Amino acid sequence: KAQQDRVTTYRDYERGLKVVLQTGNLTLYPDTCSKVTATFSVLSETIKMIQDIFTVERRRQKQEDWARLIQQLQQFEKEKLHLTAAHHLERIRQRNQQLQS
């Protein structure tokens, strides 16, 4: 469920950028970023709790290290978010440049 919510949040993030690019109203983007950041923060905490459960369970039952895999996934998601934000800023810059030409 948390991963599905991440996908939905990325879609919301993209929709927010699309509105900014279509309307040219850059003042909407910080609000979009704030909402997305808050949602990702909650999702991250949820996934950390799941990771902790797997860590405890692994110690008890000598299972595969799911916690480590979840931690790697979290790192990849963090990198993806940074790249997505950078891509958004580049798209905004390009739009502004087109408007000035």
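What is the volume of the largest pocket? In this predicted model, that pocket has a volume of about 330 Å³. Let's walk around its walls and then move on to the nonpolar core.

The lining of the largest pocket is made up of 14 residues, and Arg6, Phe40, Ser44, Gln74 and Lys78 are the ones nearest its centre. Three elements, H1, H2 and H3, each give two or more residues to this lining. Sorted by class, the lining holds seven polar, four charged and three nonpolar residues.

Gln74 is a good place to pause. This residue sits in helix H3, and it counts as buried because its relative accessible area of 13% is under the 20% cut-off. If we set aside neighbours within four places in sequence, Gln74 is in contact with Arg6, Ser44, Ile47 and Lys48. Among these partners, Arg6 and Ser44 also belong to the group nearest the centre of the pocket.

Now for the nonpolar core. The largest one contains 13 residues, and Leu17, Tyr29, Phe40 and Ile92 have the most contacts inside it. Helix H1 (2-23), helix H2 (28-61) and helix H3 (66-100) each supply two or more residues to this core, with H1 giving the largest share, six residues. Phe40 links the two parts of our tour, as it appears both among the core residues with the most contacts and among the lining residues nearest the pocket centre.

Tyr29 deserves a closer look as well. Beyond its neighbours within four places in sequence, Tyr29 is in contact with Tyr13, Leu17, Val20, Ala85, His88, Leu89 and Ile92. Two of these partners, Leu17 and Ile92, are likewise listed with Tyr29 among the core residues with the most contacts.

Notes
Residues numbered from 1 in each chain as written. Predicted model: local features only at pLDDT ≥ 70, side-chain atom pairs only at ≥ 80, totals over all residues. Heavy atoms only, no water. Core = buried A, V, L, I, M, F, W, Y, C linked by side-chain atoms within 4.5 Å. Buried < 20%, exposed > 50% of the residue type's maximum accessible area, 1.4 Å probe, protein only. Helix = DSSP H or I, 4+ residues; strand = E, 2+ residues; numbered from the N terminus. Contact = heavy atoms within 4.5 Å. 1 Å grid on protein atoms, 1.4 Å probe; cavity = no way out; pocket = protein on both sides within 12 Å on 5 of 7 lines; lining within 4 Å. Points joined across faces, edges and corners; volume = space filled by probe spheres on them. Nonpolar A, V, L, I, M, F, W, Y, C, P; charged D, E, K, R; others polar.
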